[in-house]
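Trainee: I would like to understand how the descriptive words used for a structure follow from computed values. Could we go through some of them together?

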Amino acid sequence: MSKTAKLILESGEYEFPVIEGTEGEKAIDISKLRSDTGYITLDNGYGNTGSCTSDVTFLNGEKGILKYRGIPIEQLAEKSNFIEVSYLLINGKLPNEGELKSFEEKIKSAKELPEGIHNIIKQFPRDAHPMGVMAAATAALSGFYPELLDQDLSDEKKERIIPQLLGQMKAMATAFYRHSREKGFVKKNASLDYCSDFINMMFNEGEDNLEQAVDPAVAQALDVLLILHADHEQNCSASSVRMIGSSKANLFATISGGIDALWGPLHGGANQAVIEMLDAINKDGGGYKKFLDKAKDKDDPFRLMGFGHRVYKNFDPRAKIIKKACDTVLEKLGIDDPVLDIAKGLEAEALKDPYFVERKLYPNVDFYSGIIYRALGIPTNMFTVMFVLGRLPGWIAQWKEMIESPAMKICRPRQIFTGETKGEYIELKKR
Ligand code: SDX
């Protein structure tokens, strides 16, 4: 197989290197395309464009495969936990006992949220969307840690800022939830694991006995959900993190940008939109046909939220695991949520419908996740915040891989100009 690709233009024939990844994917390296030919490429939405090489996450959309650092997501969801998976993504290997303990300790001992951040959170209207609070509070952290704003962070400072962010963003999420419910903040409790502590910081009603406040089944379900959301190669928000980080902006600003990108309903915001859609179907008597027809109607902006994916043209492996977990968690918690049957019915109808089959539209990670979040007591407007907490180690891993690469360059795409070519200035009174 030739290791080059030929391009024939009116000015001649050009060859460009072909590179092959460890999973057999192939790319034409066009780094010299413009300097050699004067041409650039154009790829709306970057569906055919690789922005980088990466060792972090691999997914195969045709086969529905997802691996973190080479380990299948199914194994990690069954056998690992969120903190261990975070270490794996960020450091490139599974930690030994000592490394895991130290990483966990660093997250637990991460500085409490500065009082100033609590004050910023308390300035928000109680009904503000929590994603705006998370983005603002994350960027605001830069004001409290000037020593972590160096454009080339030392390893020692990376070892500090990374666990600190993992701990503090959990605290931000719970702090705003408590503020929105006019309750006092609950401090983190170092005797609890990450997910149990999250649940305690969210819902503790002054119980001294922590075992009462935290149901292990809830903590376990949350842990699996966070693992499944931890990374997903060059998705919109991870690419935004790489774009921002490539200017050597500090990590607080970089992650804040990732939160903003994830907020959109076409991306992480879909998990909230799905549950709102399922509730609407339930309220409407549970008929799917009207909603499926709306989703297929080109003149109707409505889309079947939680369906479709830029890369997965088969089942999203995460959706399969979450769908199964829905049954287990709701049964364990003794919850009967009618939207679960509606979701299953909608999925079955859509997967029989030629519109969805022809376009290879399957349920994605967001289709079932909200049903579990609701069963765990998480309010709907915080579903995307849960995606943030899950995706944070993935964003950090992508950022770290990029800034530690000797090949790192500032991201600066080109364009094809299609505007006015002979414009002239016209005095205001003559316009
Ligand atoms: C996430 O990239 C990642 O990895 C993201 C993510 C991650 O972990 O980071 O996996 C998380 O963001 C999952 C996706 C969550 N979003 C949604 O569930 C929103 C609903 N889905 C869509 O809007 C859509 O499927 C996207 C945004 C997910 C993907 O859009 P694409 O790849 O740009 O595809 P497209 O819009 O070009 O659609 C192709 C065709 C179009 O029809 P035609 O013009 O060919 O006739 O499929 C149709 C679309 O209209 N289509 C849908 C649809 N999704 C695509 N029609 C109805 N309902 C849908 N959900």
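Trainee: What makes the pair formed by Phe 307 and the ligand a polar contact?

Mentor: A backbone N or O atom of Phe 307 lies 2.9 Å from a nitrogen atom of the ligand, and because a polar contact is a pair of N or O atoms within 3.5 Å, this pair qualifies. Oxygen atoms of the ligand are also involved, with a polar side-chain atom of His 232 at 2.6 Å and one of Arg 310 at 2.7 Å. Please keep in mind that this is a predicted model, in which local features need pLDDT of at least 70 and side-chain atom pairs count only at pLDDT 80 or more, while totals for chains, interfaces and linings use all residues. Residues are numbered from 1 along each chain as its sequence is written, and side-chain values use heavy atoms, leaving out hydrogens and water.

Trainee: Why are H7 and H8 called roughly parallel?

Mentor: Helix H7 (residues 155-180) and helix H8 (residues 194-203) pack at an angle of about 25 degrees, and angles under 35 degrees count as roughly parallel, so the two helices are given that name.

Trainee: How do you know that H7 and H19 are roughly antiparallel?

Mentor: H7 packs against helix H19 (residues 383-403) at about 165 degrees, with the axes 10 Å apart; angles over 145 degrees count as roughly antiparallel, and therefore the term applies to H7 and H19. By class, their contact has 13 nonpolar, no polar and 3 charged residues.

How values were computed
Axes are lines fitted to C-alpha atoms, for helices over the stretch in contact, and angles run from 0 to 180 degrees between N-to-C directions. Helices (H or I, at least four residues) and strands (E, at least two) are DSSP runs, numbered from the N terminus. Angles under 35 degrees count as roughly parallel, over 145 as roughly antiparallel, 65 to 115 as roughly perpendicular and the rest as oblique. A polar contact is a pair of N or O atoms within 3.5 Å; within protein, one must be able to donate a hydrogen and the other to accept it, and residues adjacent in sequence count only if both atoms are side-chain atoms. Ala, Val, Leu, Ile, Met, Phe, Trp, Tyr, Cys and Pro count as nonpolar, Asp, Glu, Lys and Arg as charged, and the others, Gly among them, as polar.
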